[in-house]
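This report describes the fold of one chain and the contact that the chain makes with a partner. Please look at the sequence and the structure before reading on.

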Amino acid sequence: MKKNVVLGVIGADCHAVGNKILDYAFTQAGFEVTNIGVLSSQEDFINAAIETGASAILISSLYGHGEIDCRGLREKCEESGLKNILLYAGGNLVVGKQDWEPVEKRFKDMGFNRVYAPGTSPEMGIKDLKQDLSLL
Amino acid sequence: MNAILLIDFGSTYTKLTAVDIDNEEIVCNSKALTTVESDIMVGFENAFKIMKEKCKDKDIEFNDMLACSSAAGGLKMVAIGLVPDLTAEAAKRAALGAGSRILGVYSHQLTLREIRDILHKKPDIILLAGGTDGGERDCIIHNAKMIAMNLKDVPVVVAGNKNTSDEIEEIFEKQGVYYRIVENVMPKINLINVEPARDAIRDIFMKKIVEAKGMSNAEKFINGILMPTPAAVLNAAKILADGTDKEEGIGDLVVVDIGGATTDIHSIAEGAPTKAGIMLTGLQEPYVKRTVEGDLGMRVSAESLSQAVPTRKIMKFAPNLKYDVAERCHYLAQNVNEVPHNYDEQEFDEAISMAATDIAMERHVGAIEDVYTPMGKIFAQKGKDLTDVKYLIGTGGILVFCENPEKILKAGLFNEENPKYLKPVSPKLLIDKNYTLSVMGLMAVKYPDKAIRILKKNLFNLQ
């Protein structure tokens with residue numbers, strides 16, 4: 001059976017094009033994608049992940065405020081019975097040009113398994129997900 | 001004349017309506033106290049005698065008899081799902097739309113404590129959901145086991161993750177649970193699918209519940225008790241909006257039913273955003289949506305109404321009100337058969353009915369929220385946008401018998417002071433003056449074209 005993943009854009013962010021591209025790419029790659037769309041709260045991701053029995057939550061953030069929107073998500077996942085779920089984040093995760101390594105570290109410290117810099121292709125996320133789920 | 005007898009075994013009264021099938025007119029009605037403790041047919045016979053006397057000149061011959069029922073507490077249900085805002089909510093909406101009274105909604109894995117709670121409540125049917133199709137499995141299977149071990153005498157409609165059907169079937173077969181497995185109430189996130197569950201609930205109601213409530217004597221006499229009474233009103237609303245095979249419907253509509261114990265709102269509409277640039281969020285709502293406000297009523301729930309609605313709000317509807325709201329509401333709740341004897345008492349009834357309409361509508365319709373983003377203000381809509389609904393129909397004693405029902409219905413319209421609630425803006429106002437909604441909803445099961453024509457004839461336009 002296909003692996004379920006939840007995809008969406010977090011916070012007060014309604015950039016929709018990248019979200020559609022990721023939906024398409026991950027579906028083509030053989031995942032069952034539940035795309036909760038833009039303007040999604042942490043609770044929306046978690047609820048969808050519970051109901052669909054998802055293996056991973058893929059969070060996009062494009063408007064630069066992703067860090068604050070993602071804070072506390074890993075803890076909420078633990079509370080909700082999603083202790084081992086994979087959390088990925090990508091897009092434009094911070095405002096302005098910053099060095100990537102500190103950004104990546106901050107997200108990993110928040111409990112994210114993979115963190116992607118702007119301009120990352122979907123293929124990379126797909127490969128990493130397959131690896132993390134031992135599908136390769 | 002050739003006629004159909006329509007019977008409503010109500011919780012208090014058994015009401016009969018005779019319909020001339022050829023001329024499509026309601027020709028007679030009668031009522032008597034419902035006698036479900038002894039033999040339901042006694043109350044029926046009493047009402048029938050009264051009808052025969054009333055209409056002895058009309059030479060009525062009944063070709064068919066159909067019945068609905070809310071006797072013996074009506075159809076009582078419990079809804080169980082996984083996430084409260086998702087499958088538990090979808091299950092609740094499916095059960096409400098089947099005309100049932102919801103005794104409780106449960107989420108996640110059931111505990112023994114919750115099982116004891118359910119046993120105590122004595123539901124007639126359990127609606128079990130959880131997980132999208134191909135999604136979470138453990139919760140619904142756990143709950144099926146808990147039900148099979150502890151509640152095996154209660155019929156269950158299973159409407160959850162389809163991938164758990166085989167296992168659930170095995171669990172229920174083993175313990176002899178009466179069950180039906182239907183399509184998931186929420187097959188995908190936020191996508192609702194309530195009709196299969198509703199049909200199964202109605203089916204079980206007809207097959208098992210009627211008998212369980214001691215009403216099988218009635219069944220032998222009539223061609224079946226077809227549905228719980230609230231489902232009949234909902235059915236009437238639906239065919240009126242959608243039309244039938246031969247007749248046009250009237251379009252999107254909302255029904256307000258103000259009763260002694262509850263205020264019910266039924267909306268038949270997709271409820272899609274009516275203005276551009278609005279994001280739809282949250283769980284999809286059913287096209288046919290019923291909400292029941294058990295704390296807003298004219299008598300039994302008058303006291304809870306006075307607690308739910310601040311006095312200043314009631315005073316807005318009747319600035320010169322002579323009574324102390326809490327006191328009078330308490331009195332009405334103790335005297336449920338009270339009818340107004342003078343202008344002041346009538347004014348009070350009208351004021352609380354306006355409050356009930358306002359709040360019940362607010363709880364039913366969707367709402368718009370402002371979301372502030374770096375790109376500016378965005379509007380997110382949760383629930384149904386009913387601003388463009390074409391008709392608002394009122395039913396229930398206060399609306400049917402008062403002189404100015406228009407005023408009461410208008411209390412449910414869009415209000416500039418609270419613009420976030422997507423209430424109807426300027427619908428045509430109709431009154432169900434002859435109490436036709438529930439009987440026509442019942443009649444429509446077998447005679448839809450006639451039922452809708454009679455409905456259209458009997459709904460009075462207030463403007």
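How many residues does the contact take from chain A, and how many from chain B? In this predicted model, the contact takes 16 residues from chain A and 20 residues from chain B. On the side of chain A that touches chain B, strand 2 (32-40) and helix 2 (42-52) of chain A each supply at least two residues, and the largest share, five residues, comes from helix 2 of chain A. The residues on this side of chain A divide by character as set out below.

| Character of residues, side of chain A that touches chain B | Number |
|---|---|
| nonpolar | eight residues |
| polar | five residues |
| charged | three residues |

The fold of chain A itself can be described next. Its secondary structure comes to six helices and five strands, and from the N terminus on these elements follow the order β-α-β-α-β-α-α-β-α-β-α. Among the contacts in chain A between residues at least 6 apart in sequence, 74% join residues at least 24 apart.

As for overall dimensions, the C-alpha atoms of chain A fill a box of roughly 40 × 30 × 25 Å along the principal axes. The radius of gyration of chain A is 13 Å, which agrees with the value near 14 Å that a compact globule with 136 residues would have. Of the 136 residues of chain A, 43% count as buried.

Methods: Residues numbered from 1 in each chain as written. Chains lettered and ligands numbered in written order. Predicted model: local features only at pLDDT ≥ 70, side-chain atom pairs only at ≥ 80, totals over all residues. Helix = DSSP H or I, 4+ residues; strand = E, 2+ residues; numbered from the N terminus. Rg over C-alpha atoms; globule rule 2.2 N^0.38 Å. Buried ≥ 20, exposed ≤ 12 C-beta atoms within 10 Å, placed from the backbone. Contact = placed C-beta atoms within 7 Å. Nonpolar A, V, L, I, M, F, W, Y, C, P; charged D, E, K, R; others polar.
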